[in-house]
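Reader: I should like to learn how the features of such a model are read, beginning with charged side chains. Could you take me through them in turn?

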Amino acid sequence: MPKGYNFGEASGVDVDRQGNVWVFNRGHWPVMEFDRGGKMLQAWTEETFRVKSAHGLRVGPDGSIWCVDVAGHVVFRLSPEGRILMVLGNRQGNPGNNDAHDAFYQPTNLAFRPNGNFYVSDGYINSRVIEFNPQGEYVRHWGRKGTGDGEFNYPGYLALDRSGALLVTDALNYRVQAFDRNGKFLWKIGHHGDGSGDLASPKGVAVDSEGDLYVVDAAFDAVQLFDEKGGLLLSFGDAGPGPGEFWLPEGAFINKQDRIYVADSLNGRIQIFEFLGGSQPPPANLNQNS
């Protein structure tokens, strides 16, 4: 960081086509861009788009930057230079209920389909996923508060797997749910129902080139790795401020080289990992579970 700059709580991370890393955090400079070597390229102040509380960030298919303001109940689309291109939700701050088409109540994250449509998880108060077309027009939504399949208790972060299924971390139900493009429930992992199983507070989720799922677990201060069938392969991380340790981690992203970027929220940083795999021994901070 240049002198005088710092993160607040880091909640969202993504990487653009140039390999530059975009970070969303709860500080004076909520959006920061870094090159692949870690040099800061630019930082936007809170005044850029009046964000109240950072949550998810995604780089859109056209390179635009999408930021989810959980406390402001809105989703911003901005140019890479910081110009506002679109605002979804009620800019006056009035939240919508679980059936609203044009308002959120503490939204959390978003994910894009290849056709440009995108999903928003909505979120801390509402309990649903909403689909929009590239122009920001409402398409459909599904979900409600509950513990059944297709129901949510804090849908927090989103990703698409190799088959095109939408993965939704359902934090307070201790699981990840998968849905087809029409919102039909497909499968789930970590569904023990009491936090005593493989997942205790899943937040960020990302999928690597092999189809394996990396799930950031804020309660365990770890990242859990599952295969495509939901089998737990390993976990890495522990509580603390050191390298490979976490303090309430949140968002995650995997680039084309399968490097895992984790927003280490209360440590105020981004950590980057590379799974060695094969016959190579794992780093010391990897704990093999199976």
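Reader: Which kind of contact do the side chains of arginine 259 and glutamate 274 make?

Author: They meet in a salt bridge, at 3.7 Å from N to O; the term denotes a side-chain nitrogen of Lys or Arg within 4 Å of a carboxyl oxygen of Asp or Glu. This pair links distant parts of the chain, with arginine 259 in strand β24 (residues 259–264) and glutamate 274 in strand β25 (residues 269–274), 15 residues apart. Strands are DSSP runs of E with at least two residues, numbered from the N terminus. Arginine 259 counts as partly exposed at 39% relative accessibility, and glutamate 274 is partly exposed with a relative accessible area of 43%. Buried means under 20% relative accessible area, exposed over 50%, and partly exposed in between, with a 1.4 Å probe and protein chains only. In addition, Glu9, Arg26 and Glu250 are joined into one network by salt bridges that share partners.

Reader: What is the basis of these values?

Author: The model is predicted: local features need pLDDT of at least 70, side-chain atom pairs count only at pLDDT 80 or more, and totals for chains, interfaces and linings use all residues. Residues are numbered from 1 along each chain as its sequence is written, and side-chain values use heavy atoms, with hydrogens and water left out.

Reader: How many salt bridges are there by this rule?

Author: The count comes to 12. One of them joins arginine 58 to aspartate 14, with the closest N and O atoms 3.9 Å apart. Here too the pair links distant parts of the chain, arginine 58 lying in strand β5 and aspartate 14 in strand β1, 44 residues apart. Arginine 58 counts as buried at 10% relative accessibility, as does aspartate 14 at 4%. Arginine 128 forms a salt bridge with aspartate 122, their closest N and O atoms being 3.0 Å apart, and both residues are buried.

Reader: Is β5 enclosed or open, and why?

Author: Because 6 of the 6 residues of β5 are buried, the strand is largely enclosed by the rest of the structure. It pairs with β6 in the antiparallel sense over 4 bridges; pairing requires that DSSP find at least two bridges between the strands. Valine 59 has isoleucine 65 in β6 as its bridge partner. The hairpin of β5 and β6 has 5 residues between the strands, and in it glycine 63 takes a positive phi near 90 degrees.

Reader: How is a sheet order read?

Author: Strands of a sheet pair through backbone hydrogen bonds, either parallel or antiparallel. In this model, an open sheet of 4 strands has the order β1-β2-β3-β4, with antiparallel pairing. β1 (9–15) and β4 (40–44) stand at the edges with a single partner strand each, so one side of each is left without a neighbour in the sheet. Within the sheet, 4 bridges join β2 (residues 21–26) to β3 (residues 31–34), and phenylalanine 24 has valine 31 in β3 as its bridge partner.

Reader: Where is confidence low, with pLDDT under 50?

Author: The term pLDDT is the predictor's confidence in each residue, from 0 to 100. Its mean for the protein chain is 91, and 93% of the residues reach 70 or more. Over residues 278–290, however, pLDDT stays under 50. Where pLDDT is low, the predicted coordinates should not be read in detail.

Technical notes:
Contact means heavy atoms within 4.5 Å.
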